[in-house]
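Colleague: Could you take a close look at one part of this model for me, the place where two of the chains meet? I'd like the cut-offs spelled out as you go.

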There are 4 protein chains.
Amino acid sequence: MKALVKESAAPGFKLKDVEEPRIREDEVLIRVRRAGVCGTDVHIYDWDAWAKGRCKPPFVVGHEFEGDRVTAEGHIVDGRCLLCRTGNSHVCPYTRIIGVDRDGCFAEYISMPATNVWHLADAISYDVGGIHDPMGNAFHTVLTAEIPGAIVLITGCGPIGIFAVGICRAAGASRIIATDVNDTRLALAKSMGANEAVHPEQAEKIVKDATGGLGADVVLEMSGVPAAIHQAFALVRVGGRVQMLGIPSKKVDFDLATEVIFKGLTIYGVVGRRMYQTWHQMTRFLLSGEFDPTPVITHRFPLAEADAAIAAIKSGEAGKVIFEIA
Amino acid sequence: MKALVKESAAPGFKLKDVEEPRIREDEVLIRVRRAGVCGTDVHIYDWDAWAKGRCKPPFVVGHEFEGDRVTAEGHIVDGRCLLCRTGNSHVCPYTRIIGVDRDGCFAEYISMPATNVWHLADAISYDVGGIHDPMGNAFHTVLTAEIPGAIVLITGCGPIGIFAVGICRAAGASRIIATDVNDTRLALAKSMGANEAVHPEQAEKIVKDATGGLGADVVLEMSGVPAAIHQAFALVRVGGRVQMLGIPSKKVDFDLATEVIFKGLTIYGVVGRRMYQTWHQMTRFLLSGEFDPTPVITHRFPLAEADAAIAAIKSGEAGKVIFEIA
Amino acid sequence: MKALVKESAAPGFKLKDVEEPRIREDEVLIRVRRAGVCGTDVHIYDWDAWAKGRCKPPFVVGHEFEGDRVTAEGHIVDGRCLLCRTGNSHVCPYTRIIGVDRDGCFAEYISMPATNVWHLADAISYDVGGIHDPMGNAFHTVLTAEIPGAIVLITGCGPIGIFAVGICRAAGASRIIATDVNDTRLALAKSMGANEAVHPEQAEKIVKDATGGLGADVVLEMSGVPAAIHQAFALVRVGGRVQMLGIPSKKVDFDLATEVIFKGLTIYGVVGRRMYQTWHQMTRFLLSGEFDPTPVITHRFPLAEADAAIAAIKSGEAGKVIFEIA
Amino acid sequence: MKALVKESAAPGFKLKDVEEPRIREDEVLIRVRRAGVCGTDVHIYDWDAWAKGRCKPPFVVGHEFEGDRVTAEGHIVDGRCLLCRTGNSHVCPYTRIIGVDRDGCFAEYISMPATNVWHLADAISYDVGGIHDPMGNAFHTVLTAEIPGAIVLITGCGPIGIFAVGICRAAGASRIIATDVNDTRLALAKSMGANEAVHPEQAEKIVKDATGGLGADVVLEMSGVPAAIHQAFALVRVGGRVQMLGIPSKKVDFDLATEVIFKGLTIYGVVGRRMYQTWHQMTRFLLSGEFDPTPVITHRFPLAEADAAIAAIKSGEAGKVIFEIA
């Protein structure tokens, strides 16, 4: 079968013919139809420091997909450790990720443990099926905060940030203020329901005006950019909550006293998706029609145009980029 | 001033001239413009068993109102007992209620402790200001359950039930099924956002179909009718939550084993409004435009037509009934 | 092998030779060493209305056990329904219970799905290993309430009630008041750490004196007796919490208005054990030495003396009754 | 009256005669008997950068005290802002602190708003009454985490850290590991119930051994020392919780990706005491005898020996230091 392979410890992907995956008794073979491209794939493509430390080529890349009317949780957990046994498998220390630690979904077929498969209703399109993984990150981030009635600041309008805008809107946020440096992304955030979608330097005045100077009840940090992170902690109100999903590429200098402790904040680090509470909530929001992520998908490529797909993401102009495989 | 007075231990109200209230240093005098009529007022009017046990005529009736661009929490709590000191003043054992335990708001003026006053933004109409108390009951009921993504059954479409429909809609419920025996009320529930608003005997099939036979995640029991209460417990899913606000007029025979314990339910008895978390949430929903209770107000009367107002409520056809006082 | 069998639709158990269980690939065969006798077993023995409606003889009875240094969760759930997938497998609608819906542990061997097995540390005795199931009910009941600093009333001092006394003590309850009609059980409750262990008619004064007249923060209803249930609701404070585990044998007449709603209570129906959060917590309490259930075990019998074991439970004088099998 | 005064913008306190405080109608005058000395007082004494930016001499120092059988919450909040109205007055933006923003308790008399006064039962000694404020910080830190059954690491054994050890012990922690660089403090931690009280470099092995390599469920960061903070985040398990109370004196370089986000942590910044939930819980633990802070009080001075009191704290050898005033 055709597959995008990380062939060696060097930049780039290669489209090549590989053997179809074999499955064990507790696995299923899925014919992939759509696959989402993620920032993680860009790291692997670029072969940056993180990728070098984590990945062992050769392997098939990709971890977001739809096929045979299912999608799947890409974190394969051991199911028997303390974390898994107590409802925290999203942080199972033995997690193996498809497209990172084993063969992924940028291919015609993928094998998945049956336990990780999530069935899609007929009403869910192939495209939307193919992006459940990053939508799930957004649902996890939003729905572990208390959103009904909240004034929410979202720093960073990559695809997950934009999804989060729509989920906050559906979940009863009173006001959603989104920031990014890119106008295309801000326009997407606006179309998904942000009351204001602005450049970071405009955020302070808007948040302060909306909250009587107090700050946002909840901040969703979706950028990983140090300046945005500091702004997140500056603009959350005392006693508020910061959900951290964006991954900074290096250390950040923190004034813990004034940025965290004296403000009495709660901070939550978001990893993956709650298995499978998040998946269930996501399905409910999609089927009710409260949340439609379709406008976020801005680019579609065949597997053969992987370089162009990666370039689209790097441009900072894209919403969600997907591969059309079958 | 003119006031509707419960003059003696007998049915009815009397419109008469009474002295204007005097205020203490920690109280404010408010010129009443609108006042909502509540089921409690009907009990006092009818002088039923509950009223006989609780009220000591003569006193001015009424506890929901707007005036001078404020409304107020009608539960006057002691502020210093254990409950008050630990964030539970809504169940303060020393609560005195305006229009029940002291003079109320069916009058041209009312005195209120300054601490109980809630300021209204310019965008809030007189009418909506006048019904914050029962809306608050609905907000308390809805927002202490986990609504985003939930399938919700609301049994009973009196004004508070209909408000709850609209709040569930705003707060991200996936599906809202409302029941009542009265078609006017069902139409109101539909207009506030219920996916289905049906007679009780139709509810089981709809809930089961919507939930794969499992039952609703959350049931809001708003009727106090024994048959509806049993249906609430029958149609909530295992591990689900029942919020109880409707007050049954007599004892109910419960099969605790099958209706509560084996289902692993959580049940919450709703009293008043959280002070003042509920008020803050309500204000947020109203100002954001997510929730507009205006369609629920179906009848308006002057104080002089109190008998007609009470009759409108008793007809079972009314949404919210209010007095226009100034 | 020898096993206690419910042979037909009539009272009693029969000790007889049966075939050893066969196991599937995902099951394990366990040589049983100790087995606890539960009230459920008494219902099956007596062949009462519940047993008639639920059980299909012949089958091997018993669901609490230790063997080969493991114990097991006796609720075999489907693992794939919505409840199981969202952390609520304790209320999985497809649950099958060992000793009720399939062969149980009053036998020399039992087969169990590997997923249900819970390993025991060397420090855990055979006896304590054999009663993890009912201890787990008690842990579930206690640790889903907020115990540190709480004044707790426990109505009913059967084995699970007595375990709950010790768990409340270990978990930081400020005061534990336990009730029962049997003095032997009250003595056991006292020995496990109850501040007061008294007959029901003495409870009101003690609770009121301990709480300034307000009532207990948390009540654990462990009896299923209607009078005790009403006392539970009478003696919990406004805004408090009632955990219901005891199963009433028939309907109970409730004044929902004054017993539940006006008090602003939260009620939780306890089913089984959280899988496997409860098991993990239980192991932590046992290994730290904070909680030692050994004194609760008052009677030991061989399988051949099943009638005597059942009689001991029915006497109302027993703590926990166990079979010594190997 | 005699009082310890911060007289001018320079190091030191001065014992001098000042006028007795006058009280308003909503205040009470309290004759001080005991007063605790806090790290904040040391900052004011030293006139460090924080003190220079916050305090306006002259004023009477001190914020922890007992007198006339009451103690008091030293944070005087406005009671009417959004935070105060929604149960978060501990982070009221309008807070004024006694001994910092207005005259404090290192004096023969202090005036306090009546709302801030907390009555002490006869069983509470003067000394223990005098240290409710810092004990309250410890109770707030401990009881907002989930302690029953938890393995807890406490980094920093100043008085609040040592109190936290005892509270964790009372609240059902399975194992308490405390760290400090000072052996006297470690001995105090041990005497209050720590299973292990060790130097920081020994903590990793102990925590890992106790948790199968996974890390502590909860870490209470009580030191403010950057190395300890990094250790806190290194030794908390994935999905765990870090409560931050210790105030770092400068910025800390954080690897948010590996220290917070990928671990899926929850972090909570602890400010003051929950008003008045924390005070109620503290009273319950003290009166039940579960928690006795007396051993933590190691030094007693008259007001005239303020320099010696400050020196005792700076030595790092002290537990709690108090003034005996009357």
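Modeller: Sure, let's take chain D against chain A: 33 residues of chain D are in contact with 33 residues of chain A, contact meaning heavy atoms within 4.5 Å. Before going further, some bookkeeping: this is a predicted model, where local features need pLDDT of at least 70 and side-chain atom pairs count only at pLDDT 80 or more, while totals for chains, interfaces and linings use all residues. Residues are numbered from 1 along each chain as its sequence is written, chains are lettered from A and ligands numbered from 1 in the order in which they are written, and side-chain values use heavy atoms, with hydrogens and water left out.

Now the area. Chain D and chain A bury about 2,900 Å² between them, and carbon and sulfur atoms give 72% of that; buried area here is the accessible area (1.4 Å probe) that two parts lose on being put together, summed over both. On the chain D side, D:Lys251, D:Leu256 and D:Ile261 supply 20% of what chain D buries against chain A, more than any other three residues.

As for polar links, the rule finds zero salt bridges across this interface, a salt bridge being a side-chain nitrogen of Lys or Arg within 4 Å of a carboxyl oxygen of Asp or Glu. It does find five residue pairs in polar contact, both residues at pLDDT 80 or more. That term means a pair of N or O atoms within 3.5 Å; within protein, one must be able to donate a hydrogen and the other to accept it, and residues adjacent in sequence count only if both atoms are side-chain atoms.

Which elements of chain D touch chain A? Helix H3 (82-85), strand E16 (236-244), strand E17 (252-254), helix H10 (256-261) and strand E18 (266-269) each supply at least two residues of that side. Helices (H or I, at least four residues) and strands (E, at least two) are DSSP runs, numbered from the N terminus. The touching residues of chain D divide into 23 nonpolar, five polar and five charged, where Ala, Val, Leu, Ile, Met, Phe, Trp, Tyr, Cys and Pro count as nonpolar, Asp, Glu, Lys and Arg as charged, and the others, Gly among them, as polar.

Strand E18 also does some pairing across the chains: three bridges join E18 (residues 266-269) of chain A to E18(D), and the two run antiparallel. Two strands pair if DSSP finds at least two bridges between them. Within this pair, A:Ile267 has D:Ile267 as its bridge partner.
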